[in-house]
Amino acid sequence: MKTITTIKELREELKNHRKEGRTIGLVPTMGFLHSGHISLVERSTQECDITVVSIFVNPTQFGPNEDFDSYPRDLESDKRQLEIAGASYVFAPAVDEVYSQNDGTAIRLEDPITRKLCGASRPGHFDGVTTVVSKLFNMVMPDRAYFGKKDAQQLAIVKRITDDLKYDIEIVGCEIKREQDGLAMSSRNVYLSSSERQAAAAISRAIFKAKAAIDTSQRDEILSAHIIEGIHSEIEGSGGRIDYIKIVDPDNFEDIKLIKGGYLILVATFYGRTRLIDNISGKLAAKSQENQC
Ligand code: AMP
C-alpha cells in the first residue's frame, strides 16, 4: 500500500494500472476510520483490482460553526487499518492540493433533495460534498465508487450528479455498520461522553422498533406521523435533542404521509453537542392483496 499526497503522482500511478486493464475502486472518506469505512474498502478490494481510499477532511462541506477544525484525524491509525484491509493506495492530499486560491468552480445539484433534511440543517453542506466528490472522480477516474447507506441522502445526491455529469462510474451503496448496541458507527461518536454514548443507542433502537412495527403490520397503510411520534418519544426520553425525523419515499426523498409500500426513515439527533444521523428502510407489504388469494 502506497500513500500519495499529490494529484500528479496519483494520476501517474493510476495511468499505469489502467493501461494494464486493471479496474479501479474509489472509497472517499474523511479519515478517522472505523469498521464502517473498512467494510466499504473490503467491498472495493473484492470487486476491483486496485482500491484507492481518499482521506480528506473537506472544508467546503462544513458550515462556519461546525467542527472542521476539531474533526478527529489519525492518519497513522487509518493507514494501519487500510493496509490490513488490502487497500492499494491512500490518497491524503492537503487542502491546497484540492482547492486552489482562485478556485471558482463548484458543483451543485439543483434539486429539492439538496435543501431538505441534512441540507436544511446544514446549508451548503451538499454543495461541498458534490464539489469534492466531482474533484475526486476527476482525479481518480475510478470504475466504481463506494459510499455508505449511513449517509443515505448523500448517496442519492452522488448518484444524481454521476448521472447528470455522465461520469462513467458505478456508484455502489454499502450497508450501515453498527456497534453492538445498534449505534451506527461514525467518526463523530468519539465526541460523545460515556453517558451520551449509552443514551445514543436509543436512535437505532427507535428506528428498528418502527421498522418492525411497519413491516409486520396487518394494515394496508400506516400514518407516518404515528411512527414518527414513537421514534420521537424514545429518543427524547433518552436525552437526545431531535433535529429531524422524517419518513420519505426512498426514490425521491419526498415526505410520505401514509406509508403504503417502500419507505425510508431518516433521523438526525443531538446528544450534547454531537449531531448523529441514522436511517432504516423497509416495505409495508400489501396485506389486503395477499388475503384476496
Ligand atoms: P465519512 O468519513 O464520514 O465521510 O464517511 C466516508 C464513507 O463511509 C461515506 O460513504 C459514509 O457513508 C461511509 N460510512 C460512514 N459510516 C458508516 C457506517 N457506519 N457504515 C457504513 N458506511 C459508513
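## Charges over aromatic rings

Arg73 lies over the face of Phe68, at 5.1 Å from the ring centre, where a charge sits over a ring if NZ of Lys or CZ of Arg is within 6 Å of the ring centre and within 35 degrees of the ring normal. Elsewhere, the charged end of Arg241 is placed over the ring of Phe270, 4.3 Å from its centre.

This is a predicted model, in which local features need pLDDT of at least 70 and side-chain atom pairs count only at pLDDT 80 or more, while totals for chains, interfaces and linings use all residues. Residues are numbered from 1 along each chain as its sequence is written, and side-chain values use heavy atoms, with hydrogens and water left out.

## The aromatic cluster

Phe68 also belongs to one aromatic cluster with Phe62 and Tyr71, and the structure holds 5 aromatic pairs (rings of Phe, Tyr and Trp, the last by its six-membered ring, with centres within 6.5 Å; planes under 30 degrees apart count as stacked, over 60 as edge-to-face and the rest as tilted). The ring centres of Phe62 and Phe68 are 5.5 Å apart and their planes stand at 65 degrees, so this pair is edge-to-face.

Phe62 counts as buried at 10% relative accessibility, whereas Phe68, at 22%, is partly exposed; buried means under 20% relative accessible area, exposed over 50% and partly exposed in between, with a 1.4 Å probe and protein chains only.
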